[in-house]
Amino acid sequence: MSSADRAGRFGLRLAVWYAALFIASSAVIVLITYLLTSSSLAQRDHQIIDAKLGEYATVYANGGLRALANTVEVEQRTSGERIFVRVLDGGSEAVLLSNAEGWDPATLEVGTASLRDGTVVQVGKSTEARRDILARFRATLGLVTLAIIVIALTGGWIATQSAVQPIRRLSSAVRRIIATGRTDERMPVATEDDAINELTQLFNAMLDRIEGLVRGMRGALDNVSHDLRTPLTRLRGTAELALGAEPDLERYREALADCIEESDRVLVMLNTLMDISEAESGAMPLRRETCDLGAAVTRALELYRDAADAKGVQLDWGVQHQALAYVDPVRLEQVTANLIDNAVKYTPAGGRVVVDVDTADGRALLRVHDTGAGIDPAELPRIWDRLFRGDRSRTERGLGLGLSLVKAVVEAHGGRVDVTSAPGRGSTFTVSLPAHAL
């Protein structure tokens with residue numbers, strides 16, 4: 001079944017439900033209207049009967065049976081209402097009976113009043129007129145109900161087709177994207193603030209997100225391909241040169257050492273990518289304990305002291321307050337080393353890298369400040385992306401994974417990492433870590 005047929009069936013079901021609800025509501029209103037009308041007509045008949053009973057009782061009390069008979073006779077000739085009157089004496093004998101041929105309690109609405117002398121006055125009103133009115137009213141309501149059904153079905157179909165149309169357009173767009181693989185297509189957003197328009201906006205936002213991820217994946221693959229091609233090419237070239245030269249044990253040893261070095265470079269890249277993926281997915285095993293940030297920084301400073309001196313970069317302690325963090329000590333040293341390595345790498349000779357350790361709001365803080373070239377504002381949001389290397393970092397040897405790993409590991413600990421930077425004025429990376437178990 002095609003999606004158009006599915007949308008048509010969905011629209012039909014929606015129209016039927018809409019029509020059924022509309023018809024049911026209308027039927028309830030029609031029934032209530034009919035019952036109220038019938039009750040109103042019956043109440044009117046009762047009021048007429050009660051009024052006549054009071055009138056006849058007064059006439060009988062003032063003038064007796066003869067006066068009552070005269071009053072009834074006059075009203076029978078002049079009144080538009082068809083009233084039946086019967087007067088019974090104390091022995092239940094009819095002493096006055098008007099319209100004797102029509103006196104049938106089965107077809108009359110009858111009211112009775114007992115007088116002081118035991119006389120009983122009965123007034124009856126024919127229900128024929130009421131039944132006739134209700135019959136005509138039922139016929140009218142039947143036509144109205146039929147019109148309501150037609151209007152409900154037609155209006156429901158039109159309304160649901162209008163409501164389903166944006167869903168059909170959305171389905172068509174999805175099918176085109178699936179068929180062509182193009183994620184740059186977007187749905188036009190209407191001005192109405194409704195659920196369909198919100199769904200369209202969310203769909204476009206999802207496409208924006210997918211397109212960004214696809215671009216990122218393509219860029220990452222390009223970077224991986226580029227960064228893997230170089231060591232693999234050198235590895236192959238070294239092996240070919242060794243094999244093509246005269247047999248020489250020392251040459252073979254050098255070639256194997258070079259191959260191992262290039263293989264290690266590839267393995268470092270792949271292992272780092274695996275660590276980032278594990279940290280981002282929450283699968284990274286963390287052996288947490290309370291650690292002193294100062295100890296981790298001291299070890300990292302000692303590790304990079306020689307590299308900084310060789311490059312002419314001054315590597316110093318700054319603030320050295322005690323800061324305890326509840327973290328995995330191995331991963332903490334990895335984060336610290338990556339930040340210091342990154343700072344030293346991009347700080348030119350004569351520059352300075354300062355590391356601070358402090359606490360704030362119950363959290364441990366690690367700051368690494370450098371006087372390097374800084375980061376372009378356009379590149380600042382992307383420095384955490386895997387394998388991203390800005391224009392200024394292309395001249396430095398690296399994988400473009402260090403900051404991605406730092407962010408992933410810090411966030412896996414429930415922490416946060418931020419950066420402030422300006423071109424030509426250096427950068428400051430700030431890591432905030434929990435001091436206690438979360």
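These legends accompany several close-up views of a predicted model.

**View 1. Helix 7 and its buried residues.** Let us start with helix 7, which covers residues 402–412. Which of its residues are buried? They are Leu403, Ser404, Leu405, Val406, Ala408, Val409 and Val410. These buried residues pack against two helices, helix 4 and helix 6, and against two strands, strand 10 (416–421) and strand 11 (427–434). Just past the end of helix 7 sits Gly414, with a positive phi of about 80°.

**View 2. Helix 6 crossing helix 7.** Here helix 6 (residues 329–345) meets helix 7, their axes coming within 9 Å and crossing at roughly 145°. The crossing is left-handed. On the helix 6 side, the contact involves Arg331, Gln334, Val335, Asn338, Leu339 and Asn342. Helix 7 answers with Gly402, Leu403, Leu405, Val406, Val409 and Val410. Sorted by class, this contact holds 7 nonpolar, 4 polar and 1 charged residues.

**View 3. Helix 4 alongside helix 7.** Now look at helix 4 (residues 249–281), whose axis lies 8 Å from that of helix 7 at an angle of about 30°. Angles under 35 degrees count as roughly parallel, and helix 4 and helix 7 are therefore described as roughly parallel to each other. Their crossing is left-handed. Helix 4 brings Thr272, Asp275, Ile276, Ala279 and Glu280 to the contact, while helix 7 brings Ser404, Leu405, Ala408, Val409 and Ala412. The class count for helix 4 with helix 7 is 6 nonpolar, 2 polar and 2 charged residues.

**View 4. Val406 and its surroundings.** This view singles out Val406, a residue of helix 7. Is Val406 buried or exposed? Its relative accessibility is 1%, so Val406 counts as buried, the cut-off being under 20%. Leaving aside residues up to four places away in sequence, Val406 touches Val335, Asn338, Leu339 and Val417. For one of these, Leu339, the separation from Val406 is 67 residues in sequence, yet 7.7 Å in space, C-alpha to C-alpha.

**View 5. A sheet of 4 strands.** The next stop is an open sheet with strand order 2-1-4-3 and antiparallel pairing. At its edges stand strand 2 (94–97) and strand 3 (108–114); each has a single partner strand, so one side of each lacks a neighbour in the sheet. From one strand to the next, the twist averages 15°. Strands of a sheet pair through backbone hydrogen bonds, either parallel or antiparallel. To see one pairing in detail, follow strand 1 (residues 83–88), which runs antiparallel to strand 2 and is joined to strand 2 by 3 bridges. Among the paired residues are Leu88 and its bridge partner in strand 2, Ala94.

**View 6. Strand 7 and its two faces.** Finally, strand 7 (residues 324–327) has side chains that alternate along its length. Which side chains point to the buried face? Ala325 and Val327 point to one face and are buried, whereas Leu324 and Tyr326 point to the other and are not. Strand 7 pairs with strand 5 (residues 289–292) in the antiparallel sense, over 4 bridges. One residue pair to look for is Asp292 with Leu324, its bridge partner in strand 7.

Conventions
Residues are numbered from 1 along each chain as its sequence is written. This is a predicted model: local features need pLDDT of at least 70, side-chain atom pairs count only at pLDDT 80 or more; totals for chains, interfaces and linings use all residues. Side-chain values use heavy atoms; hydrogens and water are left out. Axes are lines fitted to C-alpha atoms, for helices over the stretch in contact, and angles run from 0 to 180 degrees between N-to-C directions. A crossing is left-handed if the near helix is turned anticlockwise from the far one by less than a right angle, and right-handed if clockwise. Contact means heavy atoms within 4.5 Å. Ala, Val, Leu, Ile, Met, Phe, Trp, Tyr, Cys and Pro count as nonpolar, Asp, Glu, Lys and Arg as charged, and the others, Gly among them, as polar. Angles under 35 degrees count as roughly parallel, over 145 as roughly antiparallel, 65 to 115 as roughly perpendicular and the rest as oblique. Buried means under 20% relative accessible area, exposed over 50%, partly exposed in between (1.4 Å probe, protein chains only). Two strands pair if DSSP finds at least two bridges between them.
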